[in-house]
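Trainee: Could you walk me through this one? I keep tripping over the terms.

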Amino acid sequence: MSSQEFNLRGARILVIGAGIMGAGIAQVAAQAGHAVALFDAREGLASQARSKLASTLNTLVAKGRIDAADAAMAIERIEPVTALEQAGEVGLVIEAVLENIDVKRALFKQLEMLVAPQCVLASNTSSLSITALANGLAHPERVVGMHFFNPVPLMKLVEVVSGLRTSPRVADSVFALANSWDKVAVHTRSTPGFIVNRIARPYYAESLAMLQERAAEPHVLDACLRSAGFRMGPCELMDLIGHDTNFAVTTSVYEANFFDKRFVPSLVQRELVDAGLLGRKVGRGFYDYVEEGSKPQISSFSPSNAPAASALRVVGLGALADQMTEALSKAGCRFSRDTAAHWVGLEADGAQLRLTDGRPATAIGDEVAVFDLPLAFKTGATLAWAPSARATDAWCMTASRWLRVLGFNPQRLTDSPGLVVARTVAMLINEAADAVHQGVCSASGADAAMKLGVNYPAGPFEWLASWSPAGVLAVLDALDTHYRGERYRASPWLRQRAWCEAPS
Ligand code: NAD
């Protein structure tokens, strides 16, 4: 088949499954100008989906968001069909039926008898292997994943998933088509979780691990990660997604990776599932959504006067050390700078307040406290910190006051490696690095996927560029040393980068 044969521009499309995703895909395709046949095994559902779409588009017309004629034409282009045979000649099929490999395989087998050889068969599966879906078909090379995100009309990302036998021309045609629909397509290989569902695992897993160790409470973890720029903290997000769904995705990625401990699910989450505390949809998960105002809040930011110190030094180089210098000057402190040391922070009369390098404070010394990575620094930003288990009460109080002088709203945790943001972001970067190392996606693909698929404030490789491979590696190695086992092993890609960037 020539590349010409896979040109999908203007093709008639068959969407199978008129549920949440299928209806959204039909809408987007019709709005992009395609004639769409819509089929669902449940009688009447395709027509219902079309009527629902008509009222949604009419509401948007009434609000002045879309043009009345465009809306009418888009609705006109959708034809509900009651049998696959009625779909007519189509250039692309997108299935969005039940997430079950046997159902999807049987459907593709049936389609092979109905559609022309150059018709592309796409699956919107979020977890099944495209390689396995294509197995047994006469033309496995035309099977591809087209993974949209919910809600389809609003979410920009489409993961274009190639199985082992998918023709690159098919993947490229689908990629170009998705881009022409005003989406952002990224190529990925058919591996467990594809890009987003794989790289996002640590966002939940690290908080769940900290909860299991009782290092912090859910509202504190959420506040710290929101301050780092994430739209929602991990606990409130898991409550929104539903713990049953989130646990199922985690378990499937874990099993599909042959029980690699990197992806191990959490007992904390399984307890919530076992208890039926599934999150918002049932009124309770980590938080209570029934009783108004019962969600715990962190205390609000209160600035502090500088504590007395006869010898005060700002230690280290870089933007954070400069910010500290500025804050201390504003507070009227007398201090010196030490740019030779290999850590960043403050030293007050010999006691140290250090930016985490991954090690717990207790592993560093006695009068030591560590603070988290201030990823998106703004005055009053919530920031985790922890004192050494051997620190005096006096230093614990003073360290917290210094953090307020520096403009942070400090939240004290039990001393643990990498605290909240450094630990979570290092693990997100690590997972993305492994995905690139294993040829699952490109670095720019990973960045686009995480920003558009789950609304991260930056992509993992953008964080890496503003941190450093050596800094990320230090946090991962400290976690690995602390916990032992497979979970925190650094990606070979990242270690290689750190070697390349090390001064010779
Ligand atoms: P849904 O339950 O809302 O819709 C599925 C529809 O498929 C139902 O209307 C059902 O009647 C129909 N169906 C089932 N078997 C069929 C068959 N053999 N032939 C024709 N129709 C059949 O489910 P959904 O949330 O729209 O998910 C559909 C697919 O999209 C799944 O593969 C899912 O993993 C994937 N997906 C879902 C989301 C999400 O957030 N819901 C996101 C990305 C991908």
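Trainee: Which residue is the bridge partner of Val-15 in β4?

Mentor: That's Ile-94. Before we go on, this is a predicted model, where local features need pLDDT of at least 70, side-chain atom pairs count only at pLDDT 80 or more, and totals for chains, interfaces and linings use all residues. Numbering starts from 1 along each chain as its sequence is written, and side-chain values use heavy atoms, with hydrogens and water left out.

Trainee: What makes β1 and β4 a pair?

Mentor: Strands pair if DSSP finds at least two bridges between them. β1 (residues 13-16) and β4 (residues 92-95) have four bridges, in the parallel sense, so they meet the definition. The strands themselves are DSSP runs (E, at least two residues), numbered from the N terminus; helices are runs of H or I, at least four residues.

Trainee: Why are β3 and β8 said to stand at the edges?

Mentor: The open sheet runs β3-β2-β1-β4-β5-β6-β7-β8, with mixed pairing. β3 (78-81) and β8 (184-189) each have a single partner strand, so one side of each is left without a neighbour in the sheet.

Trainee: What does helix α1 touch when it packs on the sheet?

Mentor: Helix α1 (residues 20-31) touches β1, β2, β3, β4 and β6, where contact means heavy atoms within 4.5 Å. Its direction makes about 170° with that of β2. Such angles run from 0 to 180 degrees between N-to-C directions, with axes fitted to C-alpha atoms, for helices over the stretch in contact.

Trainee: How do you know that Asn-124 makes a polar contact with the ligand?

Mentor: The cut-off is a pair of N or O atoms within 3.5 Å. A polar side-chain atom of Asn-124 lies 2.9 Å from a ligand oxygen, so that pair qualifies. For Asn-150, a side-chain N or O atom is 3.3 Å from an oxygen of the ligand, so this one passes too.

Trainee: How much of the ligand does the protein bury?

Mentor: Taken alone, the ligand exposes 830 Å², and the protein buries 75% of that; areas come from the Shrake-Rupley method with a 1.4 Å probe. Helices α1 and α4 (101-114) and strand β6 each give two or more residues to the shell around the ligand.

Trainee: What about the other sheet, and which strands are at its edges?

Mentor: That open sheet has seven strands in the order β10-β9-β11-β12-β13-β14-β15. Its edge strands are β10 (336-338) and β15 (408-412), each pairing on one side only.

Key: Polar contact = N/O pair within 3.5 Å; in protein donor to acceptor, adjacent residues only side chain to side chain.
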